[in-house]
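Let's take a walk through this one together, starting with a charged side chain and then moving on to the aromatic rings. Have the viewer open and follow along.

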Amino acid sequence: MKRKITLCSLAVLLLGAGISKAQQNFTADNLVIVRVGTGPTALTVNAAAAYLDEYTTAGEYVQTIEIPTTASGANHGFVVGGATGSTHGFGNLSPNGQYLAIAGHEVPVGSDVATLQASTTPKVIAIVSNGVSSPVINTSTAVNIDNKDNRTAITTDGNSIWFGGQTLGVQYTTVGSSTSVQLTGTPAPTRGGLGIYNGQLYQSTNQNPYRIAKIGDGLPTTATTATAVSGLEATGSNLPVEHTANGFVFFDVDSNVPGNDLLYFVTELGGGFLQKFVRTDPDNDVWANKGSVAGGSFVNMKTLTGTLVDGVPTLYAGSYNKIIKIVDNAAYTANLNQTVTDVITAGPNMAFRSLTFTPGTVAKTTLPVTLTSFTGKAEQNFVKLNWITSSEQNNSHFEVLRSTDGKSFNVIGNVKGNNNSDIAINYEFKDQNPLNVTAYYRLNQVDYDGKNKLSSVISVEPGLAVLEEFTVYTSAQSVVVRFNSALKSNGKIVIYTTAGQAIINKDIVIETGANEVILPAKGIKNGNIYVALLNAEGKIQSEKFIANNQ
């Protein structure tokens, strides 16, 4: 029978930096803690080795993995500050759950703080993932940047990396690189949290007027600007009353509101807090506070992760010496109503840094399908809809909805989903009976368990709708072209020989409905084959005909 242990008893299993059991791949849906200290020796502020402790969510110990402190091949050494109050060595799990990114430094173990923070000290990013049978730790990324404490990092795919420190804002780099791109200068400090939710990058900070900043649009890789999430703005730096954000988690729990709509964050300032916010405007990024809890179990809380369990937000928060479980029993729009349980406690001379789910875990912070784009385009006789998902879980199908006013929608088709996927998948649907007015489309994604999520609405203007009536007649004096169109536009008719020579070229005005264009038959020879081409603002229709000038 497994037993719940603390890191006090775990210290007996560790001899210096030695690990007592063989390393194995992480198990999905467990927790992994970045830890410093092994027990026998007192912690100091100097550089220390970092360990990854795996636990079940019930607090049962699984294994410990050390991040190598010395260089080997393309990999750099990796250390973090050893003090209980250190703000670096924090990590985040990628949105697809495959990669854990952790921020650190490359100096010898025992180096003092000044050496850790020196501009000449490489700032290292560790990328941790499951391998064939045991975890793979890639520390080939070491950037020469003067951001003092290298605090936190995140990746999407094990290659693209975003990271932040005490200064110089949010940076972008790629695995194996020694340089980075500064995305934002303000806010300069990253407090300990970077997160990607619904394809958007966020940063927690203690710089006015931010608590949590939205970094550009989506996942920027070049210089951009940061904006404070509306409703969360602070007016004082490091003031307890402002509850500066550290670790944070966004959720998307309302299928009728596109994007994130629920937020929790923790901070160690002012005695420690957990805050809850909900989005109040479905069309804009505006948030309102829905309660907080301070002190007690929340003292010194710096890191936060979470998932939805049967639709209920379940959070795990960490301080330097304790991991707690938090369940919000209230409806997502109601005031915070938490149940708190102690899960893991650090032993003497040990300190926790960050807390995430293990690589291989896809935390449920939204309904299972992530839609990254949805577009529509009018073709000659149909409207083509395209969309892309970046990940899917339990995805049964998409209902394609259409409306004439953008409010009342009807189902016009279904497209089968791909169940589970962590790669980009492209979808296409053709509306073969398009409207002759502006049409509005949206998707309704449906899981196998019946849960659904509506996409945002897109509009498509009608295109040229040339039907079977597109015909060409000739006589001795004229060429007659007849066709139907769904809208009024400018156009052009060109008559070509089979050798490609244009012999008639005329600009026209296309009217809605039936059109008849009469062209002079000059150059048209009886019995020869020609091609009539109709171009309506880039939309092409052609018809081959034999001249009959009798």
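Which side chain of opposite charge is nearest to Lys123, and how far away is it? Keep in mind that this is a predicted model. The answer is Asp146, at 5.3 Å. A salt bridge needs the charged atoms within 4 Å, so Lys123 has none, even though this lysine is buried. What the side chain of Lys123 does reach is the backbone oxygen of Ile145, at 2.9 Å.

To find the spot, look at strand E8, residues 123-130, where Lys123 lies. Leaving aside residues up to four places away in sequence, Lys123 touches a mixed bunch of neighbours, including His105, Leu116, Gln117, Thr141, Val143, Asn147 and Asn150. Ile145 is one of these contacts too.

Now for the rings. The structure holds 15 aromatic pairs. Take Tyr316 and Phe357: they meet edge-to-face, 6.0 Å centre to centre, with 85° between the planes. This pair ties together distant parts of the chain, as Tyr316 belongs to strand E23 and Phe357 to strand E26, 41 residues apart. Both rings' residues, Tyr316 and Phe357, are buried.

Phe398 and Tyr427 make another edge-to-face pair, with centres 5.0 Å apart and planes at 65°. Here strand E28 supplies Phe398 and strand E30 supplies Tyr427, a separation of 29 residues. Phe398 and Tyr427 are buried as well.

Elsewhere, ring pairs join Tyr197, Tyr202, Phe248, Phe250 and Trp287 into a cluster. And one last ring to click on is Phe409: the charged end of Arg442 sits over it, 5.6 Å from the ring centre.

Conventions:
Residues numbered from 1 in each chain as written. Predicted model: local features only at pLDDT ≥ 70, side-chain atom pairs only at ≥ 80, totals over all residues. Heavy atoms only, no water. Helix = DSSP H or I, 4+ residues; strand = E, 2+ residues; numbered from the N terminus. Buried < 20%, exposed > 50% of the residue type's maximum accessible area, 1.4 Å probe, protein only. Lys, Arg positive; Asp, Glu negative; His and termini not counted. Polar contact = N/O pair within 3.5 Å; in protein donor to acceptor, adjacent residues only side chain to side chain. Contact = heavy atoms within 4.5 Å. Phe/Tyr/Trp six-rings, centres within 6.5 Å; stacked < 30°, edge-to-face > 60°. Lys NZ or Arg CZ within 6 Å of the ring centre and 35° of its normal.
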